[in-house]
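Dear colleague,

Please find below the sequence and structure that I am handing over to you. I would be grateful if you read my notes with the structure open beside them.

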Amino acid sequence: RIVPRRGKRLFAKYMRAMLHAKNGCLSLGTGEMDYIRFGSGPRVLVMLPGVSDGLKTVRGMALPFALLYRAMARDFTVYVFSRRRQLRPHTTTREMAADVKTAMDALGLSEAALLGVSQGGMIAQWLAIDHPEKVRRLVLTVTLAKPNATVEAVVARWLELAKRGDYKGILLDTAERSYSPRRLHRAQLSYGLLGNIGKPQSFERFRIQAESCVTHNAWEELPRIVCPTLVIGGTEDAIVTGQASREIASQIPGCQLYLYAGLSHSLYEEAPDFLPRVMDFCR
């Protein structure tokens, strides 16, 4: 039994070295922020994940992320930032963007290509608006610029489940809204088996992040985004809607728009050309 465990540890160590995977934590003065880094490419890419970050940060996830996105490791040095571990009530997406800017400064990142997914895309909008010198290229994926009835209903449902401490319910509800029918069964099975694995001790951080999604409104200021921008959405997005992607693209000068027909909120997992599309744009 000892030998296989040792072999697994050695393999993980080897892969971390090969992919330059590192787990880190920054002290921002206002709280600690978990982040991960992988890859050794000359271009810097910052990834901002969605509201699931409120349930679990990227702490300890450097190797899994590096393996999942290993195609990026040669061309990019990738940073993935969580939100601060301690969020005060009513923290806004704009304030979260200010934290990302502080984190980039702390790590000596003068500029980067920026990939924001869902709530991460809302934060990315503010970073590009308030700190344009930090964003070389911008990819906004399955996100919105102002509230709509769909996201308000979804967040209300998640907040009710969080109030009951129903972690599995949040995962299953998200899966049902995010995946195409051919992928949904596998996701439901996976989340059903996981159950309470990784269940947070408190849902407060998730609640704060979810609420920030329905108060986010950068609509009037989107024309201030000056970097090359690509908006990616799914026509069947049941969380933010595909129309939200069209709206963002209409407000940003020179913006490119790509919509995946028939896909919803997890298109970045389902579309095989999503990652190559992002990498081509960010190069």
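The notes below set out what was found, beginning with the chain as a whole and ending with individual residues.

Please bear in mind throughout that this is a predicted model. The protein chain contains eleven helices and eight strands. Of its 283 residues, 53% are buried. Among contacts in the chain with a separation of 6 or more, 78% are accounted for by residues 24 or more positions apart.

One helix pair deserves a description of its own. Helix α3, residues 93–106, and helix α4, residues 119–130, have axes that come within 8 Å and cross at roughly 70 degrees. An angle from 65 to 115 degrees counts as roughly perpendicular, and α3 and α4 are therefore roughly perpendicular to each other. The crossing in which α3 passes α4 is right-handed. On the α3 side, the contact is made by Thr93, Arg94, Met96, Ala97, Val100, Lys101 and Met104. On the α4 side, the contributing residues are Gln119, Met122, Ile123, Trp126, Leu127, Ile129 and Asp130. By character, the residues of this contact comprise nine nonpolar, two polar and three charged.

I turn next to the cysteines. A search of the whole structure returned zero disulfides. Cys227 is in no disulfide, and the nearest cysteine sulfur to it, that of Cys255, lies 9.4 Å away. For Cys255, likewise in no disulfide, the nearest cysteine sulfur is that of Cys227, at 9.4 Å. A disulfide requires the two sulfur atoms to be within 2.5 Å, so the 9.4 Å between the sulfurs of Cys227 and Cys255 does not qualify. Cys227 has a relative accessible area of 9% and is buried. Cys255, at 18% relative accessibility, also counts as buried, because the category covers values under 20%.

Two residues stand out for their backbone geometry. His90 has a positive phi of about 70 degrees, although it is not a glycine. The place of His90 is in the loop between β4 (76–84) and α3. With a relative accessible area of 62%, His90 is exposed. Val142 is likewise not a glycine, yet has a positive phi of about 40 degrees. Val142 is found in the loop between β6 (135–141) and α5. Is Val142 buried or exposed? At 1% relative accessibility, Val142 counts as buried.

Finally, two residues can be related to positions elsewhere in the sequence. Pro42 belongs to the loop between β2 (32–38) and β3 (43–48), and is exposed, with a relative accessible area of 73%. Which residues does Pro42 contact, leaving aside its neighbours within four places in sequence? They are Arg74 and Asp75. Pro42 and Asp75 are 33 residues apart along the chain, and their C-alpha atoms are separated by 6.3 Å. Ala153 is found in helix α5, residues 149–163, and is partly exposed, with a relative accessible area of 48%. The C-alpha atoms of Ala153 and Ile239 are separated by 8.8 Å, with these positions 86 residues apart along the chain counted as their separation.

With kind regards

Methods:
Residues numbered from 1 in each chain as written. Predicted model: local features only at pLDDT ≥ 70, side-chain atom pairs only at ≥ 80, totals over all residues. Heavy atoms only, no water. Buried < 20%, exposed > 50% of the residue type's maximum accessible area, 1.4 Å probe, protein only. Axes fitted to C-alpha atoms, helices over the stretch in contact; angles between N-to-C directions. Helix = DSSP H or I, 4+ residues; strand = E, 2+ residues; numbered from the N terminus. Parallel < 35°, antiparallel > 145°, perpendicular 65-115°, else oblique. Left-handed = near helix turned anticlockwise from the far one by under 90°. Contact = heavy atoms within 4.5 Å. Nonpolar A, V, L, I, M, F, W, Y, C, P; charged D, E, K, R; others polar.
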